[in-house]
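Okay, thanks for coming, everyone. I'll put the structure up, and then we can walk through how its parts touch each other.

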There are 2 protein chains.
Amino acid sequence: MGDLSDHMKQYMQELKGQIEAELERFFEDKIREKSDPFIREMVKDIRDFTLGGGKRLRPILVIVGHDLFAEHSDMIVKASISMEISQTYFLIQDDVMDQSTLRRGSSTFHVRIRKRYLQGVPDGSRIAENISIVAGDIAESYSHEALLASGFSDSTLILANEELSRIFETTGEGQLLDVISPTLESFSQPDLLRLHLWKTANYTVSGPLKLGAILSGNQRYIQELSYYGSLVGIAFQIRDDIIGLFGDEKTVGKSPKSDVNEGKKTLLMMKAMEESDEHQREFIRSCLESGNVSDEDFVKLRRIVESSGSLDYSLNLAGMFVRRAKDYLSAVKGNKMEKDFLLWFADYVVERKF
Amino acid sequence: MGDLSDHMKQYMQELKGQIEAELERFFEDKIREKSDPFIREMVKDIRDFTLGGGKRLRPILVIVGHDLFAEHSDMIVKASISMEISQTYFLIQDDVMDQSTLRRGSSTFHVRIRKRYLQGVPDGSRIAENISIVAGDIAESYSHEALLASGFSDSTLILANEELSRIFETTGEGQLLDVISPTLESFSQPDLLRLHLWKTANYTVSGPLKLGAILSGNQRYIQELSYYGSLVGIAFQIRDDIIGLFGDEKTVGKSPKSDVNEGKKTLLMMKAMEESDEHQREFIRSCLESGNVSDEDFVKLRRIVESSGSLDYSLNLAGMFVRRAKDYLSAVKGNKMEKDFLLWFADYVVERKF
């Protein structure tokens, strides 16, 4: 297992290198194209944010979805970056909406913009947020442009572009549920899983895999890849919530308190409340509503999540999803290397530390 | 001239009817497709906002750009609505960024959302703004989807989709300049005209016309249409600023004070400041910085814009742009009806009352 894991991580590293080189090229061309000095600086800001970190999971999965059925090529690397640039679009706008200040261990985009261009300007925070919303929208256009310039045949690109628009649409719908959910009186576990399906699973795993498969020209296993991706993607989100609560700031790149301070009703919180007495339930609720939980309360909250059995419940559910995902994958006929990778990846998602 | 104008307006009305019927169909299909009740309501909100007003100028120009070189068809009407749905995307996000409350004589999108779903909810205004940003993003995906589903050939759709992404990119760049410009120490008349070119002319006139021409399969006169559209588009914006300052709330659909209250340095304001003495210049500056200009000061401001010669300057500049635009158009070989329309339209833009 250790050897396999090293091998697969090396494979991911190799693809990551290709993806980042292509991102560099894309932004270099964009910057060269811009004559207005402010716009040129903004494109550089978008580039720096994009290249400043991230696991490149989504473009890696686009490439894997393609290479599962067709030979690796420059074209698929070019197309894959569309899913990394769209990540920039979502992260920039997400951080504005959540009023976050830290991302990938560094300032969020709107904080950078405020510091860089708007020091001492009245209403500078608002202007920085507005600039960031528009910069996100521009990144979204880049995402479409990168896909369209990848060199695949017209008919393939049309299908792929439809899929890309659908991915954005569904992610947006997940976002809407995410934003409205704290205001809803009843928001159940099935509601939450559907939110994860739309906002994370579709966008992080099943969408990229389907996009890759469409680009390969083989659409026969779209359904299986979609099931695999949905299940692994939900498991990914559950794991993310666990890392968010139990990880440390250094490896995660943001405060472990931030989910709690944002009042996120994660599966961990939902289940812990379900399994607790009225007194503990009230305590969890007060932590989520505090906006700024104390160190002491945060430690206590973690303990309740463990002692209530909620942590085990999340771990088990994620494990079950991953097993089912692998069942769906076994029906897919494709290249062994990429299939092995996806089998390994399903486990990796629930075992990773960050 | 009266007869011609009636005839052309009737032609626009006819296209408007076709466009609105197609928009109805598009949203009906979308709503039918959604199973989540909240998402379904949100799509209805996006539909109501889209269908709730607007001159449908952009889709009309997409159709004219196509029909100039090819026969009118259902396909071009289907494709044209992409430019109306993208208008929804820009308006929703614009109104959030500008914190506007009125649009098309009715509440802006984020105000509607707050009233409809978030009455009495803590932080409801912020949540409504976040929902609106995401709803705008979703409309942007619809825009791509509508174009891709229009039925043109794959190779044509690829070119058209590239153009659509470019239109969004350039509009975003114009937006960036617009947001940052109030914070810049020097923002000259050429800067402002470039802003109009990117934010308005490209998006309102030249982009739609080029998109239509690309869909017709005739790319021979793209450059001429681009020049025509840029010049008419800047004239359109200059006229918009004049209507914004001198029109009345009823016909314009928003308070004539709103540009001033937003501190917009329009060409009218720039030129008035240039041509005024220090005392008047200070008065104009204070109106733009007030955030809430009094009735009395507003009347005085209008008078300065007239007496300084700034209004005439804007009118003359717009007139000159329109004449040059018609020169470029005369080199285009296309169907007489649509060419006559564009010649008339150039004049209409600077003569319209709202």
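Quick definition before we start: when I say "domain", the bounds come from an automatic or database domain assignment. Also keep in mind that this is a predicted model.

So, on that basis, chain A splits into domain 1, residues 1–173, and domain 2, residues 220–354. Their C-alpha centres are 24 Å apart. Where they touch, domain 1 of chain A puts in 13 residues and domain 2 of chain A puts in 12. On the domain 1 side, helix 1 (2–33), helix 3 and strand 1 (102–103) of chain A each give at least two residues. That side comes out as seven nonpolar, two polar and four charged.

Let's stay with helix 3 of chain A, residues 57–67. It packs on helix 8 of chain A, residues 189–216, at about 40 degrees, with the axes 6 Å apart. Because angles from 35 to 65 degrees fall in the oblique class, helix 3 of chain A counts as oblique to helix 8 of chain A. The crossing of these two helices is right-handed. Among the residues meeting there are A:Leu61 and A:Val62 from helix 3, and A:Pro208 and A:Leu209 from helix 8. By class, this contact has 11 nonpolar, five polar and two charged residues.

Now, the other chain. 37 residues of chain A are in contact with 37 of chain B. On the chain A side, helices 2, 4, 6 and 7 each give two or more residues. Which helix gives the largest share? Helix 7 of chain A, with 16 residues. The chain A side has 20 nonpolar, 10 polar and seven charged residues.

Terms used: Residues numbered from 1 in each chain as written. Chains lettered and ligands numbered in written order. Predicted model: local features only at pLDDT ≥ 70, side-chain atom pairs only at ≥ 80, totals over all residues. Contact = placed C-beta atoms within 7 Å. Helix = DSSP H or I, 4+ residues; strand = E, 2+ residues; numbered from the N terminus. Nonpolar A, V, L, I, M, F, W, Y, C, P; charged D, E, K, R; others polar. Axes fitted to C-alpha atoms, helices over the stretch in contact; angles between N-to-C directions. Parallel < 35°, antiparallel > 145°, perpendicular 65-115°, else oblique. Left-handed = near helix turned anticlockwise from the far one by under 90°.
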